[in-house]
Amino acid sequence: MDPIARSEHPLSFLWRDRLALANAAVLARHGGRTEDEAALRDHWYLRRETDDPGPGGRILKAWRHLGERAALVPDDWLITLSIRFELRCDDALEGVVTVATKLAARQGSAVAAAAEIAAASMRLIPHSEPLALWLADIVLAHRMKWPMAVPLIAGQIRRADLRAAVGAGAGDQAWPTACAEAYARAAAVASDLYADLVRRANRLLAAAPKLRGRDADRMVGILLMEDAQPAGAGKTVSDRSTRRLFERLVSLGAVRELTGRSAFRLYGL
Amino acid sequence: MGRRARAKEELDTELTDLPPELRWREWMGRVEAVIFASPEPVTRETLARVVGRDCSLDLIIDDIREELRGRPYELVTVAGGWQHRTKKEFADAIRAAIGLGATAPKPLSQSEALVLMCIAYFQPITRGELGRVFGKEISRDVIGHLRSLGFIAAGPRSPTPGAPYTNVTTKTFLSHFSFESLRDLPDIELLEDAGLLSKDILLADGFPVDLGADATAVEGDDEPFERDEPLAG
């Protein structure tokens, strides 16, 4: 999976978005919410840029942010994390951030560091599981020297394991092992997803020369990078023209309509 | 905003020419002044602009709180920031002197409070869906009033005919009811365990809790929204 995480191909942004969506859906379920991927995607894309996507959508926001370059900067963690996870900026959060910063800077096993920060975060701020998992992925990315973090662990870790990590002693290997297994599963899933996206992207690129319309090139570019795209009006083209473009893409088998609805459709690879 | 930010850059935050004790006092003064001057809770990010880089805001806040002991007002932690608030035991005195204030908007009615609570638990939720939960239409005025109080805002649009905006609660809502996050909503865990934190289930199965009946009843307790909840801090 390492070469994929290092690549800065446009497709890797889409890959991270899809992983973020899958991770956020699992976390939403853990948080007692029942939004699935489709509902979260709706919350995200059917809002105005500045509007609040709601509690479920905020989890997705945090995980989409995880895959951005800016998320790797330790100096910003205290403030962005307190906002993203609605936590009080107190000694506990400061402590977690300090540990994370130290672990991120050091060398050595990436997975062990991820396990360590997750356990530390759960000990200091037990009520925020998302924080622990977010930091695990970030610290892992630092150790792996990836250009951007990849949303991985949240989709695969068992909650009971994470809870048990709090009480574990120094010699206890149960949590690091569970963590390593989760990352192994997550890496396999992520690699499969990437392979699938590459196939779809090739189909889209093969169809691209057959497209007409002023916006077609730009839209193909967006579709390669974004999880989903509503058929709204673009800067230079009308609503109808975009709709036609998407219909043509779907008939060519180059993109999918993701919602299965007859209205408020969202298109993506 | 940009202009003000630039003016702040000129502010000497490190104050290296002062002895440590005076420096600390100056930082304390600045932090308290900023919080005092702001009508809304002030975030750490904002306060960090007026103190030195290695200054611990938490210690500053603790020291200010220490100084405010015995005063009728205090620094409380709300909605991810800090705010000056009069202590609640003086609420009666304030009310007797100036009423709820000409500026204070109409307080929430029982049914408005219930609608607000429903939004808080089941957000994002549209007015139509609220109507189905309560078994009667929720008027635009109720939503409008909650919005004018700043408790709710527009969320994502619902992919249903008419694409209505859903409603979500705001930071003001958290701050007003002294919640730090939605996790502090009363009994949220009970609802979670029952799998009820989803409006889809709620709308599909009907509402098992007695809330729908409460909405139409005139009396009944509105515990979660009692204004004089104990203040944090």
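This dialogue covers salt bridges and one surface patch in a predicted model.

Me: How are the residues and chains labelled, and what is counted?
Reply: Residues are numbered from 1 along each chain as its sequence is written, and chains are lettered from A in the order in which they are written. The model is predicted, with local features needing pLDDT of at least 70 and side-chain atom pairs pLDDT 80 or more, and side-chain values use heavy atoms.

Me: How many salt bridges does a search of the whole structure find?
Reply: A salt bridge is a side-chain nitrogen of Lys or Arg within 4 Å of a carboxyl oxygen of Asp or Glu. The search finds 22 over all chains.

Me: Which residue meets A:Glu226 in a salt bridge?
Reply: A:Arg64 does, at 3.5 Å, N to O. The two are 162 residues apart, with A:Arg64 in helix 4 (residues 54–66) of chain A; helices are DSSP runs of H or I, at least four residues. A:Asp17 is linked with both in a network of salt bridges.

Me: Is A:Arg64 buried or exposed?
Reply: Buried means under 20% relative accessible area, exposed over 50%, partly exposed in between (1.4 Å probe, protein chains only). A:Arg64 is buried at 12%, whereas A:Glu226 is partly exposed at 24%.

Me: What separates B:Arg30 and B:Glu26 along helix 2?
Reply: About one helical turn, because they are four residues apart in helix 2 (residues 20–37) of chain B. They form a salt bridge with the closest N and O atoms 3.0 Å apart.
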